[in-house]
Amino acid sequence: MPDEPRASDYKSDVKPIWCPGCGDYAVLAALMRAFAHLRLAKENITVASGIGCSSRFPTFLDTYGIHGIHGRVLPLATGIKLGRPETTVIAVGGDGDGFSIGGGHIPHAARRNVDLTYIVMDNNIYGMTKGQPSPTSPEGIVNKAAPYGAQEGPLNPILLALSYDVSFVARCYSGKIKELTDVLIEALKHPGFSLIQVLSPCVTYYNTYDHYREITQPLPSSHDPTDRLAAIALALQTETQYLGIFYRDSSRPSYGERFDAVRAKAPQTTLAAIFEGLKR
Ligand SMILES: Cc1ncc(C[n+]2csc(CCOP(=O)(O)OP(=O)(O)O)c2C)c(N)n1
Ligand code: SF4
Ligand SMILES: [Mg+2]
């Protein structure tokens, strides 16, 4: 790696096949800029994903990567981090992957405080499977899969993450790439589980660029990100979608640190000895 890496150094030879204008391009560019800013060595980065348009992400990076199965990116990323603690692990995926089929994994990643960065590209739709309503689609959204309008209300990912006590919670917008890069840098530095909801419009099935331009604004400058209750109050204000770091607690030990402490205390028992004991 050069001493002063450029964002493009992290790009693979595979050209993204996202639709022109898809918000995910900006997320990819911002993450590569964050890697360069932090001078991360490519061989020490692993990007894991689930399934969806957004989950194609690892292919476009010249780092280690794994395109997993639908909804299982967090267990996959947790295993990678525990197996290779020196690696910077990033989990990526969509709102369907993360909040629908994979939603049950978020509380466990949160309570373990696994040291990984989870980027959810939230386009409020299932892009890859041609535009069915997702868990963050607005109630009443009409499309081919919901001709009479979706009958479920949307969940609130920031509120969900704050109530599970995720130790770093942020919302960004793909249309604000500088701010997105700055938040990703902070998330990558955070020594625990970080969840970043990136509003990342799907131009083909649900174009929300104008909507998000209107309703997003930075978190109030007076907001103290160590104040979880204040963060919850801001997350409840859904008519304005605040952008920035809602909450951050860097004081908790990560899952890996707790494992190291257990390893230091536990007797040096080999697997063979354990199996021998089971046979008796
Ligand atoms: C177990 C399983 N169920 C369903 C699917 C079909 N499927 C593929 S991607 C997807 C949803 C993708 O939506 P999202 O995660 O929001 O990603 P996007 O394409 O919007 O980026 C679904 C339901 C699958 N691949 N595997
Ligand atoms: S279908 Fe939507 S989410 Fe998928 S690549 Fe195209 S714009 Fe992006
Ligand atoms: Mg989606």
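**View 1. Arg 39 sits in the loop between helix H1 (24–37) and strand E1 (45–49).** Helices (H or I, at least four residues) and strands (E, at least two) are DSSP runs, numbered from the N terminus. Arg 39 isn't a glycine, yet its phi is positive, at about 55°. Before going on, keep in mind that this is a predicted model, where local features need pLDDT of at least 70, side-chain atom pairs count only at pLDDT 80 or more, and totals for chains, interfaces and linings use all residues. Residues are numbered from 1 along each chain as its sequence is written, chains are lettered from A and ligands numbered from 1 in the order in which they are written, and side-chain values use heavy atoms, with hydrogens and water left out.

**View 2. Asn 124 is another non-glycine residue with a positive phi, near 60°.** Look for Asn 124 in the loop between strand E4 (117–122) and E5. Is Asn 124 buried or exposed? With a relative accessible area of 5%, Asn 124 is buried (buried means under 20% relative accessible area, exposed over 50%, partly exposed in between, using a 1.4 Å probe and protein chains only).

**View 3. Asp 95, Asn 123 and Ile 125 hold the magnesium ion (ligand 3).** The atoms doing the job are OD of Asp 95, OD1 of Asn 123 and O of Ile 125, at 2.1 to 2.2 Å. Donors here are N, O and S atoms within 2.8 Å of the metal (3.2 Å for Na, K and Ca), and water is not among the atoms, so sites may look incomplete. Along the chain, the donors follow the spacing D-x27-N-x1-I. Asp 95 belongs to helix H3 (residues 95–101) and Ile 125 to strand E5 (residues 125–126), so this pair ties together parts that are 30 residues apart in sequence. Asp 95 counts as buried, at 1% relative accessibility, and Ile 125 is buried with a relative accessible area of 1%.

**View 4. Ligand 1 has 16 residues around it.** "Around" means that a heavy atom of the residue lies within 4 Å of the molecule. Among the closest are Cys 53, Ser 54 and Gly 127. Now for some polar contacts (pairs of N or O atoms within 3.5 Å; within protein, one must be able to donate a hydrogen and the other to accept it, and residues adjacent in sequence count only if both atoms are side-chain atoms). A backbone N or O atom of Cys 53 is 2.8 Å from an oxygen atom of ligand 1, while for a backbone N or O atom of Gly 96 the distance to a ligand 1 oxygen is 2.9 Å. Asn 123 joins in with a polar side-chain atom, 3.0 Å from an oxygen atom of ligand 1.

**View 5. Ligand 2 has its own shell of residues, including Trp 18, Cys 19, Cys 22 and Tyr 205.** Cys 53 and Asn 123 are part of this shell too. Sorted by type, the shell has seven nonpolar residues, two polar and no charged (Ala, Val, Leu, Ile, Met, Phe, Trp, Tyr, Cys and Pro count as nonpolar, Asp, Glu, Lys and Arg as charged, and the others, Gly among them, as polar).
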